[in-house]
Amino acid sequence: MQQPTVTGTAAVLDTAEQFAKRRRTALWFTVSLLVLSIIILVVGLLSATRTENIAVASYYPGIILSFGAFLGIVGINLVENRRPMLVASIVFVSIGVIATFFCAIVDGVIAAEFIDRRPLSEGRCEFYTSGSGYAYDNYHTEVSCFTFGSKCKMRVKSNTCYCCDLYNCESPEHFSQYYEYTGVSSCTDVVHLYRLLWASVVLNILGLFLGIVTAAILGAFKDITPATQASQSSAPPPHILYNPTQHVLTYAGFCPSGQALPAYPNYPLPLQHHSNYQPPASSEASLPEESQAPSQASSQTSSGYMLTPNAPSLYAPSYNPFEKPPPYAS
């Protein structure tokens, strides 16, 4: 009788241990994704605020992934409404994964194709500042650039790093690369921007793979039932016992065993007369005494009470074929 109980307890402990292990795994991946998304957000914001004329989009995936990871952490620690919270987390993480893919491509193309690091590293770029009394948006000047034996004028703002080697004097309207970087404190900021862009590309690629794995782990974890709910749902139904002596079905577990129904004594119910009809004396007299005595004794023993003198007879009176019985009184 003890073997099923021991087996059920071992199964519940195994389920609880498996649930705790998967919960730790899901929490570890979700926290890692949250930390990585915050780093992506910080690096993206630093890249976007480094210059004024270069657009950087690597901080958008950091916002989406951090929000999805936060929902995942909250959903893992919830007991009720855990599944809807994890589903919302998976949706945001999936959107963040798509954003990391496209933003990694965009930032990689900008860093590889539109920023030339060679003039910056060789010191052939110049930095122009108008002084502390002027704002760089309101003060412009013209500088001379020499490219391929030709001389031309280039209009720049204050606090701008410009590279004449990348400026085409013959066609100043079409450029395949950035030749000026506005809103910087020196040309060194452009070198830092170049490094931050590649760092954003690498972080977005890491966020892509980590987001896919985290979404898969959260998707598998949301369908697991906690051990407490599993033990409650797997409770056996109440046993139905049959007592052949009492002919009553008893349900074990619903009523206490010591509780019993109150006993009521049996009281004789008096029989009332509905008719004043008296049988003829000739019929009673015609019956022998020996036959009347057993019938009275049997009626007394079978009914359990004494008949009153005015009670009607328990047998149907006999009438002649031409005699009409008296009507019944209401």
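**Figure 1. Helices α2 and α5 meet in a left-handed crossing.** In this predicted model, helix α2 spans residues 59–77 and helix α5 spans residues 188–221. Their axes lie 12 Å apart, and the packing angle is about 25°. Because angles under 35 degrees count as roughly parallel, α2 is roughly parallel to α5. On the α2 side, the contact is formed by Pro61, Leu65, Gly72 and Ile76. Helix α5 brings Asn204, Gly207, Leu218 and Phe221 to the contact. Sorted by class, the residues where α2 touches α5 are five nonpolar and three polar, with no charged ones.

**Figure 2. Helices α3 and α5 form a second left-handed crossing.** Here the view moves to helix α3, residues 82–114, where it packs against α5. The axes of α3 and α5 come within 8 Å and cross at roughly 155°. Angles over 145 degrees count as roughly antiparallel, so α3 and α5 are roughly antiparallel to each other. What is the class make-up of the contact of α3 with α5? The contact of α3 with α5 holds 20 nonpolar, eight polar and two charged residues.

**Figure 3. Val97 sits in helix α3 and is buried.** The relative accessible area of Val97 is 12%, and the cut-off for buried is under 20%. Which residues does Val97 touch, leaving aside those up to four places away in sequence? They are Leu65, Gly207, Leu208, Gly211 and Ile212. Two of these names are familiar from Figure 1: Leu65 of α2 and Gly207 of α5 both take part in the contact between those helices. Look also at Leu210: its C-alpha atom is separated from that of Val97 by 8.7 Å, although the two residues are 113 apart along the chain.

**Figure 4. Asn81 has a positive phi in the loop between α2 and α3.** Most residues other than glycine have a negative phi. Against that background, the phi of Asn81 is near 60°. Is Asn81 buried or exposed? Asn81 is exposed, with a relative accessible area of 59%.

**Figure 5. Asn159 also has a positive phi, in the loop between β3 and β4.** The loop comes between strand β3, residues 150–157, and strand β4, residues 160–162. For Asn159, phi is near 55°. Asn159 is partly exposed, with a relative accessible area of 23%.

**Figure 6. Four stretches carry the annotation "transmembrane region" in an unreviewed UniProt entry.** According to that record, the annotation covers residues 26–47, 59–79, 86–112 and 196–221. Residues 26–47 are 100% helix and 0% strand, and the end C-alpha atoms of the span lie 31 Å apart. Residues 196–221 are likewise 100% helix and 0% strand, with 36 Å between the end C-alpha atoms. To place these close-ups in the whole protein, keep in mind that the secondary structure comes to eight helices and seven strands. Of the 330 residues, 29% count as buried. Among contacts in the protein with a separation of 6 or more, 66% join residues 24 or more positions apart.

How values were computed:
Residues are numbered from 1 along each chain as its sequence is written. This is a predicted model: local features need pLDDT of at least 70, side-chain atom pairs count only at pLDDT 80 or more; totals for chains, interfaces and linings use all residues. Side-chain values use heavy atoms; hydrogens and water are left out. Axes are lines fitted to C-alpha atoms, for helices over the stretch in contact, and angles run from 0 to 180 degrees between N-to-C directions. Helices (H or I, at least four residues) and strands (E, at least two) are DSSP runs, numbered from the N terminus. Angles under 35 degrees count as roughly parallel, over 145 as roughly antiparallel, 65 to 115 as roughly perpendicular and the rest as oblique. A crossing is left-handed if the near helix is turned anticlockwise from the far one by less than a right angle, and right-handed if clockwise. Contact means heavy atoms within 4.5 Å. Ala, Val, Leu, Ile, Met, Phe, Trp, Tyr, Cys and Pro count as nonpolar, Asp, Glu, Lys and Arg as charged, and the others, Gly among them, as polar. UniProt positions are given in the numbering used here, feature names are shortened, and annotations may be inferred rather than shown by experiment. Buried means under 20% relative accessible area, exposed over 50%, partly exposed in between (1.4 Å probe, protein chains only).
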